[in-house]
Amino acid sequence: MKKYTKTHEWIEVNGDEAKVGITSHAAEELGDITFVEPPPKTTDMIVGDKVGVIESVKAASDIYAPASGTVIAVNKKLEDDPGLINRSPEDEGWIFKINNIDLEEIDKLMSKQEYDKLLASKDKK
Amino acid sequence: MSNLKRTVLYGKHAELGAKFVSFSGWEMPVNYSAGIIAEHLYTRQHVTLFDICHMGEFRLKGPDAERALDYIVARSVKDQTVGSCRYNFLLNEKGGVLDDIIIYKISFDEFFIVVNAGTKDRDFEWIMKNLNGDLDFTDESDFTAKLDLQGPESRDVLIKLGFSFADLPAYYRFIEVKLAGMDILLSRTGYTGELGYEIYANNSYAEHLWNTITSDKRVMPAGLGARDTLRLEMAYPLYGHELNTDTTPIEAGFGRLIDLKSNRKFIGKEALQNLKPQKKLIGIELEGKRAAREGAELFYDNKKIGYITSGSYSPSLGKAIALAYISADFPIKKGEKFEIFLKKIDFRGCFSEIPFYKNATAKIK
């Protein structure tokens with residue numbers, strides 16, 4: 001199951017854990033990413049918490065927890081190569097992994113189709 | 001972005017996949033598909049073309065032009081050579097910077113003045129108000145295009161377009177010539193630190209000029225994002241950030257350019273003679289890649305000593321750099337460490353020599 005947030009994170013559930021990153025759209029909007037500060041391992045988060053920072057040459061942006069859980073891993077590759085998020089935002093450029101997840105909570109987030117619709121409606125404005 | 005102006009090359013940029021931002025009332029390309037970092041590095045190593053049509057251009061003509069202008073700008077235009085460009089300042093009576101400008105001396109009675117987009121109208125009114133004599137002063141911005149060709153290979157590109165090495169102007173010189181049948185003004189100037197040229201022409205030539213130059217496959221388009229990181233690495237000021245009406249050119253580090261001892265009178269001179277500089281512009285290297293942005297405060301031994309005016313990741317150096325104002329009397333030693341606070345974030349950095357980037361080619365023979 002892969003879901004999306006209004007704040008442009010994605011979360012992909014695999015068994016009892018989930019991977020989190022920012023969407024292709026967010027990566028494209030930010031431009032060249034130069035710095036990522038993920039939440040440290042063992043951080044407990046509640047959905048909607050500000051849990052990290054992502055910076056590009058021109059802008060800084062917060063990362064919000066798409067779901068509640070506990071951080072069990074961060075993507076170490078991003079330390080030396082934050083541009084990996086631009087090259088592969090929804091795969092190799094994942095930012096952190098959590099467990100202690102609540103599937104019902106995640107299920108309420110947007111599907112890919114709903115997220116794309118949200119982006120399309122923003123474009124029109 | 002419906003109220004924003006667009007340059008005549010807007011369609012070209014859209015075609016090239018540019019991302020647009022609002023800048024000084026204009027909708028301008030911030031970067032193309034390559035991205036800011038790639039465009040920045042390509043400018044340092046090869047050659048890029050920037051659409052700078054948003055900037056303003058004025059022309060002052062008439063028998064009294066030299067005398068009248070000499071009173072309005074901080075650096076004399078009388079001892080400026082015909083055929084040269086000079087970096088200059090418009091100051092208010094208090095010595096504060098109204099704008100930083102480039103003056104092209106076309107002849108003793110004709111000057112071409114290039115100003116920032118955001119201050120253009122204020123500059124025009126200010127100059128008009130302070131001029132006197134037999135003069136013709138016009139704002140040519142609406143029909144003047146400006147393209148910047150920047151990078152160590154820029155000269156090779158122009159040579160391939162038909163110029164000889166000897167034809168091309170030396171650093172801070174300009175020529176009025178034809179390029180592919182178009183009348184242009186070509187100056188050896190720029191805002192990147194690299195060997196480069198700024199090209200002015202009538203708007204009707206802009207697209208043909210862009211196409212002619214980019215038909216050389218070495219030339220990559222670059223946006224305002226790269227222009228900003230390139231100038232920051234050189235510690236060049238950007239109006240509205242390092243320069244404003246509360247800042248004198250002396251505080252911004254240009255004291256050596258301004259002669260306060262001669263008999264020449266100019267607006268703001270008296271204030272500069274009597275004012276003690278309150279602050280000085282310095283360079284900072286941050287620990288790490290995270291940038292301290294404009295407005296972040298600088299602390300030394302828990303005491304606030306200044307604030308950041310521009311900050312970004314530096315593509316050439318691979319770390320974050322910033323320009324900041326600190327108290328004029330604060331002693332700085334290169335490499336000395338301090339803390340920077342921005343809201344809840346704290347950084348560490350150290351004083352750095354400027355320019356940050358030391359291999360720039362702008363002045364090569």
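This is a short chat about a predicted model with chains A and B.

Me: Start with chain B. What domains does the assignment give for chain B?
Reply: Domain 1 covers 10–54 + 142–233, and domain 2 covers 278–352.

Me: How far apart are the C-alpha centres of those two domains of chain B?
Reply: They lie 31 Å apart.

Me: And how many residues of domain 1 are in contact with domain 2 in chain B?
Reply: Eight residues of domain 1 of chain B are in contact, with seven residues of domain 2 of chain B on the other side.

Me: Which helices supply at least two residues each to the domain 1 side?
Reply: α2 (36–45) and α7 (224–233) of chain B. By class, that side of domain 1 has three nonpolar, two polar and three charged residues.

Me: Stay with α2(B). Why call it largely enclosed by the rest of the structure?
Reply: Because seven of its 10 residues are buried. A residue counts as buried if 20 or more other C-beta atoms lie within 10 Å of its own.

Me: Which residues of α2(B) are buried?
Reply: B:I36, B:I37, B:E39, B:H40, B:Y42, B:T43 and B:R44.

Me: What do the buried residues of α2(B) pack against?
Reply: Four strands and a helix of chain B: β2 (26–31), β3 (48–51), β9 (144–150), β13 (220–221) and α7.

Me: Which strands does α2(B) lie across?
Reply: β3, β9 and β13 of chain B. The helix runs at about 120° to β3(B).

Me: What is the strand order in the chain B sheet with β3, β9 and β13?
Reply: β10-β11-β12-β9-β3-β13. It is an open sheet of six strands with mixed pairing. β10 (174–179) and β13 of chain B are the edge strands, and each pairs on one side only.

Me: In which sense do β3(B) and β13(B) pair?
Reply: Parallel, over two bridges. B:L49 stands opposite B:P221 in β13(B).

Me: Switch to chain A. What is the strand order in its open sheet?
Reply: β1-β2-β3-β9-β8-β5, six strands in antiparallel pairing. The edges are β1 (2–4) and β5 (44–45) of chain A.

Me: How many bridges join β3 and β9 of chain A?
Reply: Three, between residues 17–22 of β3 and residues 96–99 of β9 in chain A. A:A18 stands opposite A:I98 in β9(A).

Me: Now backbone oddities. Which residue of chain A has a positive phi although it is not a glycine?
Reply: A:H8, with phi of about 70°. A:H8 is in the loop between β1 and β2 (9–14) of chain A.

Me: Is A:H8 buried or exposed?
Reply: A:H8 is buried, since 23 other C-beta atoms lie within 10 Å.

Me: What about B:S24? What is its phi?
Reply: Positive, about 50°, although B:S24 is not a glycine. B:S24 is found in the loop between β1 (19–23) and β2 of chain B. With 18 C-beta neighbours inside 10 Å, B:S24 counts as partly exposed.

Me: Which peptide bond is cis at B:P355?
Reply: The bond from B:I354 to B:P355, with omega near 0°. B:P355 is found in the segment after β19 (345–352) of chain B.

Me: Last one. How many residues are in contact between chains A and B?
Reply: Eight residues of chain A are in contact with 14 of chain B. The chain A side has three nonpolar, two polar and three charged residues.

Definitions and conventions: Residues numbered from 1 in each chain as written. Chains lettered and ligands numbered in written order. Predicted model: local features only at pLDDT ≥ 70, side-chain atom pairs only at ≥ 80, totals over all residues. Domains from an automatic or database assignment. Contact = placed C-beta atoms within 7 Å. Nonpolar A, V, L, I, M, F, W, Y, C, P; charged D, E, K, R; others polar. Pairing = 2+ DSSP bridges. Buried ≥ 20, exposed ≤ 12 C-beta atoms within 10 Å, placed from the backbone. Axes fitted to C-alpha atoms, helices over the stretch in contact; angles between N-to-C directions.
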